[in-house]
Amino acid sequence: MSSQALTIDDLRRWVQAGAHWRVVEISAQRVVVDLCACTGEPMQRASSQDPAVIGYVRTASSGL
């Protein structure tokens, strides 16, 4: 798995493509997610320190 900078658009596009993402780590300073195939297999690991991305992940993952 590779690591890349994460954006809200990345997460939205990933879901629109029929896949999903899973939170690995989340804090006030950083979020790390696995971008998973529709089968559940992790394909990429991505992280961000952007407060907007952290807030989006907190909101979106709370509804899962």
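With a relative accessibility of 0%, Ala46 counts as buried in this predicted model. Ala46 belongs to strand S4, and its C-alpha atom lies 9.6 Å from that of Val24, a residue 22 positions away in sequence. Ala46 is also one of the 10 residues of the largest nonpolar core, which further comprises Leu6, Leu11, Trp21, Val31, Val33, Leu35, Val53, Ile54 and Val57. At least two residues of this core are supplied by each of strand S3 (31-36) and helix H2 (51-62).

A second core residue, Leu35, is placed in strand S3. Leu35 is buried, since its relative accessible area is 1%. Although Leu35 and Leu11 are 24 residues apart along the chain, their C-alpha atoms are separated by 8.2 Å. Both leucines are members of the largest nonpolar core.

The burial of Leu35 extends to the strand that carries it. Six of the six residues of S3 are buried, and the strand is therefore largely enclosed by the rest of the structure. Coverage applies to both faces of S3: Val31, Val33 and Leu35 are buried on one side, and Val32, Asp34 and Cys36 on the other. Of the residues on the former side, Val31, Val33 and Leu35 all appear in the largest nonpolar core. On the latter side, Asp34 counts as buried because its relative accessibility is 5%, and Cys36 is likewise buried, with a relative accessible area of 0%.

Strand S3 has pairing partners in both S2 and S4. Strand S2 (residues 20-26) pairs with S3 in the antiparallel sense over six bridges, and the two strands form a hairpin with four residues between them. Within this pairing, Glu25 stands opposite Val32 of S3. Six bridges also join S3 to S4, again in an antiparallel arrangement. Here Asp34 has Arg45 of S4 as its bridge partner, while Cys36 is matched with Pro42 of S4. S3 and S4 likewise form a hairpin, with five residues between them; in its turn, Gly40 adopts a positive phi of about 100°.

Three salt bridges are present in the structure. One of them joins Arg45 to Asp34, with the closest N and O atoms 2.7 Å apart. This pair links distant parts of the chain, Arg45 being in strand S4 and Asp34 in strand S3, 11 residues apart. The two residues are thus connected through their side chains as well as through strand pairing. Their accessibilities fall into separate classes: Arg45 is partly exposed, with a relative accessible area of 33%, whereas Asp34 is buried at 5%.

A further salt bridge is formed by Glu25 and Arg30, whose closest N and O atoms are 3.2 Å apart. Glu25 counts as partly exposed on account of its 35% relative accessibility, and Arg30 is also partly exposed, with a relative accessible area of 32%. The remaining salt bridge involves Arg13 and Asp10, at 2.8 Å between the closest N and O atoms. Because Arg13 and Asp10 are three residues apart in helix H1 (residues 8-16), about one helical turn separates them. Arg13 is partly exposed at 48% relative accessibility, whereas Asp10 is buried, with a relative accessible area of 17%.

No disulfides are found in the structure. Cys36 and Cys38 contrast in their surroundings: the relative accessible area of Cys36 is 0%, which places it among the buried residues, whereas that of Cys38 is 63%, which makes it exposed.

Strand S4 (residues 42-48) also contains Ser48. Ser48 counts as buried, given its relative accessibility of 8%. A polar atom of the Ser48 side chain lies 3.0 Å from the backbone nitrogen of Asp50. Leaving aside residues up to four places away in sequence, Ser48 touches Leu6, Gln29, Arg30, Val31, Val53 and Ile54. Among these contacts, Leu6, Val31, Val53 and Ile54 are members of the largest nonpolar core, and Arg30 is the salt-bridge partner of Glu25.

Terms used: Residues are numbered from 1 along each chain as its sequence is written. This is a predicted model: local features need pLDDT of at least 70, side-chain atom pairs count only at pLDDT 80 or more; totals for chains, interfaces and linings use all residues. Side-chain values use heavy atoms; hydrogens and water are left out. Buried means under 20% relative accessible area, exposed over 50%, partly exposed in between (1.4 Å probe, protein chains only). A polar contact is a pair of N or O atoms within 3.5 Å; within protein, one must be able to donate a hydrogen and the other to accept it, and residues adjacent in sequence count only if both atoms are side-chain atoms. Contact means heavy atoms within 4.5 Å. A nonpolar core is a set of buried Ala, Val, Leu, Ile, Met, Phe, Trp, Tyr and Cys residues joined through side-chain atoms within 4.5 Å. A salt bridge is a side-chain nitrogen of Lys or Arg within 4 Å of a carboxyl oxygen of Asp or Glu. A disulfide is a pair of cysteine sulfur atoms within 2.5 Å. Two strands pair if DSSP finds at least two bridges between them.
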